[in-house]
Amino acid sequence: MRIAIVYHSGTGNTKELAEEIHKFLPEAELHRVLDFDLSTIPDYDLLMIGTYTWGNGNIPRRMIPLYEAIEHMEVDNLFTVIFGTGESSYKYFCGAVDSFRNMLYHQTKLIATLKIEQRFQDTDVERIHKLCNLVRSKLTED
């Protein structure tokens, strides 16, 4: 089973979240989006995508090539997870996560979505652990 965690982080919050997920799924490859070869997406069984939200609910520009690659590839057998960080004080809390989620739902086998307020806290670790357990169970079931 080949798994990649691909993320982009502006302030470090999403990076820390990706690293925490990686602790629970150490067999996954951890990649910054800028270092990830988009042409390898079909080589993976599971792609976990981490993003922050820019401005008024927007996908950060460095994440757009990943979004568009998945949107235009034949990846209907690819399992996906989208996770991210944001601030609920904005009108569209984790809007980039929502945009990815909507596209992934149609293009892939979306397993789950996880939104975290700014930097993950100790109280979020249980949610992260549950996400990783869900991923493991889904991958062994299919």
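Arg2 sits over the face of Tyr44, 4.2 Å from the ring centre. This is a predicted model, so treat what follows as a quick tour of its rings and its largest pocket. Tyr44 also has a ring partner, Phe36, and the structure holds two aromatic pairs.

**Phe36 and Tyr44**
- With ring centres 5.8 Å apart and planes at 45°, Phe36 and Tyr44 make a tilted pair, because an angle that is neither under 30 degrees nor over 60 counts as tilted.
- Both of these residues, Phe36 and Tyr44, are buried.
- Tyr44 is the ring that has Arg2 over its face.

**Tyr67 and Phe100**
- Here the centres of Tyr67 and Phe100 lie 5.2 Å apart and the planes meet at 80°, so this pair is edge-to-face.
- Tyr67 belongs to helix 2 (residues 64-72) and Phe100 to helix 3 (residues 95-107), so the pair ties together parts that are 33 residues apart in sequence.
- Tyr67 is buried, and Phe100 is buried too.

**The largest pocket**
- Its volume comes to about 340 Å³ for the largest pocket.
- The lining of the largest pocket takes in 20 residues, and Tyr52, Thr53, Thr85, Gly86 and Glu87 are the ones nearest its centre.
- Helix 1 (13-24) contributes at least two residues to that lining, and strand 4 (79-86) likewise supplies at least two.
- By residue type, the lining of the largest pocket splits into six nonpolar, 13 polar and one charged.

Note on methods:
Residues numbered from 1 in each chain as written. Predicted model: local features only at pLDDT ≥ 70, side-chain atom pairs only at ≥ 80, totals over all residues. Heavy atoms only, no water. Phe/Tyr/Trp six-rings, centres within 6.5 Å; stacked < 30°, edge-to-face > 60°. Buried < 20%, exposed > 50% of the residue type's maximum accessible area, 1.4 Å probe, protein only. Helix = DSSP H or I, 4+ residues; strand = E, 2+ residues; numbered from the N terminus. Lys NZ or Arg CZ within 6 Å of the ring centre and 35° of its normal. 1 Å grid on protein atoms, 1.4 Å probe; cavity = no way out; pocket = protein on both sides within 12 Å on 5 of 7 lines; lining within 4 Å. Points joined across faces, edges and corners; volume = space filled by probe spheres on them. Nonpolar A, V, L, I, M, F, W, Y, C, P; charged D, E, K, R; others polar.
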